[in-house]
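Here is a quick tour for someone meeting this molecule for the first time. Take a look at the sequence and the structure, then read on.

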Amino acid sequence: MALRIRLARFGRTHHPIYRIVVAESSAPRDGKCIDVIGTYDPVLSKLESFNSDKLQYWLQRGAKPTERVESIIKHSGGKT
């Protein structure tokens with residue numbers, strides 16, 4: 001089971017909100033997820049909520065972040 005830390009799209013039309021989730025790599029984008037780490041608002045270009053402890057927990061267990069999630073975390077001051 002390959003785990004990925006990626007974005008799942010929620011919100012309204014023309015105003016997306018993304019959840020940063022841990023999911024299997026074969027699961028659909030907005031499908032079943034294992035854990036929610038935080039939320040990201042691309043209109044404001046900021047993380048609205050983020051749990052760095054959960055991020056470290058899943059990274060230690062082999063989950064790999066996507067390029068987009070990695071760049072969002074680095075720009076917000078976090079480390080992957």
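## A walk through the chain

Let's begin at Gly77, which lies in the segment after H2. Gly77 counts as exposed, with 65% relative accessibility (exposed means over 50% relative accessible area, buried under 20%, and partly exposed in between, using a 1.4 Å probe and protein chains only). Gly77 and Lys54 are 23 residues apart along the chain, and their C-alpha atoms are separated by 16 Å.

Some ground rules: this is a predicted model, where local features need pLDDT of at least 70 and side-chain atom pairs count only at pLDDT 80 or more, while totals for chains, interfaces and linings use all residues. Residues are numbered from 1 along each chain as its sequence is written, and side-chain values use heavy atoms, with hydrogens and water left out.

Now the overall layout. The chain has two helices and five strands, and along the sequence they come in the order β-β-β-β-α-β-α. The radius of gyration is 12 Å, close to the 12 Å that the globule rule gives for 80 residues, so the chain is as compact as a globular protein of that length. (That radius is taken over C-alpha atoms, and the rule is 2.2 Å times the number of residues to the power 0.38; helices, H or I with at least four residues, and strands, E with at least two, are DSSP runs numbered from the N terminus.) Along its principal axes, the C-alpha trace spans about 35 × 30 × 20 Å.

How much of the chain is buried? Of its 80 residues, 34% count as buried. The accessible surface comes to about 5,300 Å², and 48% of that belongs to carbon and sulfur atoms (by the Shrake-Rupley method with a 1.4 Å probe; for residues, only the protein chains shown count as cover).

Heading inside, the largest nonpolar core has 14 residues, and Ile5, Ile20, Val22, Ile37, Trp58 and Val69 have the most contacts inside it. S1, S2, S3, helix H1 (52-60) and helix H2 (67-75) each supply at least two residues of this core. (A nonpolar core is a set of buried Ala, Val, Leu, Ile, Met, Phe, Trp, Tyr and Cys residues joined through side-chain atoms within 4.5 Å.)

Ile5 is a good one to click on. Ile5 sits in strand S1 and is buried, at 0% relative accessibility. Leaving aside neighbours within four places in sequence, Ile5 is in contact with a list of residues including Ile20, Val22, Ile37, Leu55, Trp58 and Val69 (contact means heavy atoms within 4.5 Å). Ile5 and Ala23 are 18 residues apart in sequence and 6.5 Å apart in space, C-alpha to C-alpha. Val22, not counting residues up to four places away, touches Ile5, Ile37 and Trp58, among others.

Which residues other than glycine have a positive phi? His14 and Ser45 are two to look at. Most residues other than glycine have a negative phi. Here is the pair side by side:

| Residue | Phi | Loop between | Relative accessible area |
|---|---|---|---|
| His14 | near 65° | strand S1 (3-12) and strand S2 (15-24) | 75%, exposed |
| Ser45 | about 55° | strand S3 (35-41) and strand S4 (46-50) | 55%, exposed |

Back to the chain as a whole: among contacts between residues at least 6 apart in sequence, 30% join residues at least 24 apart.
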